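The following exercises are to be worked with the sequence and the model at hand. Each task is followed by a solution in steps.

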Amino acid sequence: MKASRYQSGLTLVEVMIAMLLGLVILGAVMTVFLSNSNTFRSNEAVARIQESARFAFELMARDLREAGGLPCGPELDVANVLSNVDSNGDPASPADWWASFSGGLEGYDQGGALAASGVGGGTGSRVNGTDAVLVSGPFGRQLSVESHDTDAAELKVSEVDHGIGANEILLVCDFEQASIFQVTGASQAGRTIEHDAAGTPGNATKELGLNGVTKEYGPNSILARFRSAAWFVGCNGRADCGIPEGRSLFRSVNGVNNEVVDLVDDLQIEYLEDGENAYTAAGGVADWSEVTAIRLTLDVGRSLDTGTDPISRTFSHTVALRNRLP
């Protein structure tokens with residue numbers, strides 16, 4: 001059998017057609033891949049946004065639910081003997097904003113000055129146009145008072161190793177009144193806590209009564225740590241404050257700012273007073289002691305780095321103040 005002198009193969013036209021078909025298929029695959037990748041990024045961003053919102057609401061609600069609460073009963077007179085407050089119990093300087101009880105709750109509209117953080121572009125500074133709220137009161141484990149030596153300015157509690165140390169800010173109360181003071185000395189074994197006129201900021205007087213009058217707290221009076229927490233949206237310093245990645249929800253506790261949740265772009269707060277049927281902004285609140293519920297609105301966003309606008313979602317959450325509900 002005679003072999004063929006030529007081997008059959010692909011013509012140039014066939015090769016070009018095959019290459020064209022390959023490019024079409026490759027383009028279709030890349031389109032599907034990019035589409036799936038963008039969908040994954042979007043879903044991931046939405047999930048991160050929802051997670052940030054849930055976490056923010058949970059932490060804020062923990063503070064807000066207890067606003068204005070005193071362990072011995074509502075509407076007690078509060079004697080604040082700290083040196084950095086004036087005769088009305090209000091902070092004597094902006095740096096000491098946390099030293100005041102102020103009924104346990106105070107809100108600030110977009111233009112309201114918050115002493116815990118001024119408006120600006122620096123790290124930890126409050127974002128212009130956002131609301132803020134200040135919550136004050138006792139927190140943590142409560143101790144029972146066994147006796148009170150007013151001459152020695154010394155409270156004795158019922159527990160050994162009570163954990164209270166010097167310079168801490170405490171609140172003590174009975175069914176008549178409450179007092180805020182700084183610990184000037186403490187003994188774990190002796191179960192004592194001192195409140196002499198000393199320390200930094202210190203106590204203006206060792207007397208724990210209103211207007212400098214001696215006040216003795218008897219057995220079963222309650223003692224707890226005192227804390228003021230301000231919540232606001234601030235610049236976190238990791239990115240430009242004009243984009244979501246540059247903003248975070250901050251919590252300032254007794255003058256120390258802490259970043260809590262990132263990607264929080266805006267915070268708006270409304271308040272419901274007892275007897276009213278509509279929420280109002282902070283400027284419309286007539287009496288902060290009558291606020292029974294708070295509505296929080298968060299804008300949470302995230303950039304996708306794909307040349308598109310950031311994804312943003314708005315969430316609302318209502319918190320009832322347990323200590324003020326009938």
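R247 is buried, with a relative accessible area of 16%; buried means under 20% relative accessible area, exposed over 50%, and partly exposed in between (1.4 Å probe, protein chains only). The model is predicted, so local features need pLDDT of at least 70 and side-chain atom pairs count only at pLDDT 80 or more, while totals for chains, interfaces and linings use all residues. Residues are numbered from 1 along each chain as its sequence is written, and side-chain values use heavy atoms, with hydrogens and water left out.

**Exercise 1. Identify the salt-bridge partner of R247 and state where the two residues lie.**

Step 1. A salt bridge is a side-chain nitrogen of Lys or Arg within 4 Å of a carboxyl oxygen of Asp or Glu. R247 meets this criterion with D265, the closest N and O atoms being 3.5 Å apart.

Step 2. D265 lies in strand β12 (residues 264-273) and R247 in strand β10, so the pair ties together parts that are 18 residues apart in sequence. Helices (H or I, at least four residues) and strands (E, at least two) are DSSP runs, numbered from the N terminus.

Step 3. D265 is partly exposed, at a relative accessible area of 21%.

**Exercise 2. Determine how many salt bridges the structure holds, and examine those of R251 and K215.**

Step 1. The count is twelve salt bridges.

Step 2. R251 and D63 meet through their side chains at 2.8 Å, N to O. Because R251 lies in strand β10 (residues 247-253) and D63 in helix α1, this pair ties together parts that are 188 residues apart in sequence.

Step 3. D63 is buried, with 8% relative accessible area. A network of salt bridges links D63, R227 and R251.

Step 4. K215 forms a salt bridge with E176, with 3.0 Å between the closest N and O atoms. K215 lies in the loop between β8 (192-194) and β9 (222-235), and E176 in the loop between β5 and β6 (177-182), so parts that are 39 residues apart in sequence are tied together.

Step 5. K215 is buried, with a relative accessible area of 9%, whereas E176 counts as exposed at 60%.

**Exercise 3. Locate the disulfides and describe the handedness of each.**

Step 1. A disulfide is a covalent bond between the sulfur atoms of two cysteines; the criterion applied is a pair of cysteine sulfur atoms within 2.5 Å. The structure holds two disulfides.

Step 2. C72 is joined to C173, with an S to S distance of 2.1 Å. The link of C72 and C173 is right-handed, with 80° about the S-S bond. C72 lies in the loop between α1 and β1 (77-80) and C173 in strand β5 (residues 169-173), so the pair ties together parts that are 101 residues apart in sequence. Both C72 and C173 are buried.

Step 3. C235 is joined to C241, S to S 2.1 Å. The torsion about the S-S bond of C235 and C241 is about -85°, so this disulfide is left-handed. C235 is buried at 3% relative accessibility, and C241 is buried at 16%.

Step 4. With the bonded cysteines numbered in sequence order, the pairing reads 1-2, 3-4.

**Exercise 4. Which strands pair with β9, and how is β9 covered?**

Step 1. Two strands pair if DSSP finds at least two bridges between them. Strand β3 (residues 132-149) pairs with β9 in the antiparallel sense over nine bridges, and P138 stands opposite F226 in β9.

Step 2. β5 and β9 are antiparallel and share four bridges; here V172 stands opposite L223 in β9.

Step 3. β9 and β10 run antiparallel and are joined by seven bridges, with A230 opposite S252 in β10.

Step 4. β9 is mostly covered, since twelve of its 14 residues are buried.

**Exercise 5. State the strand order of the open sheet of three strands and identify its edges.**

Step 1. The order is β12-β13-β14, with antiparallel pairing.

Step 2. The edge strands are β12 and β14 (311-320), each of which pairs on one side only.

Step 3. Strand β13 (residues 291-302) and β14 pair over ten bridges, and G301 has S312 in β14 as its bridge partner.
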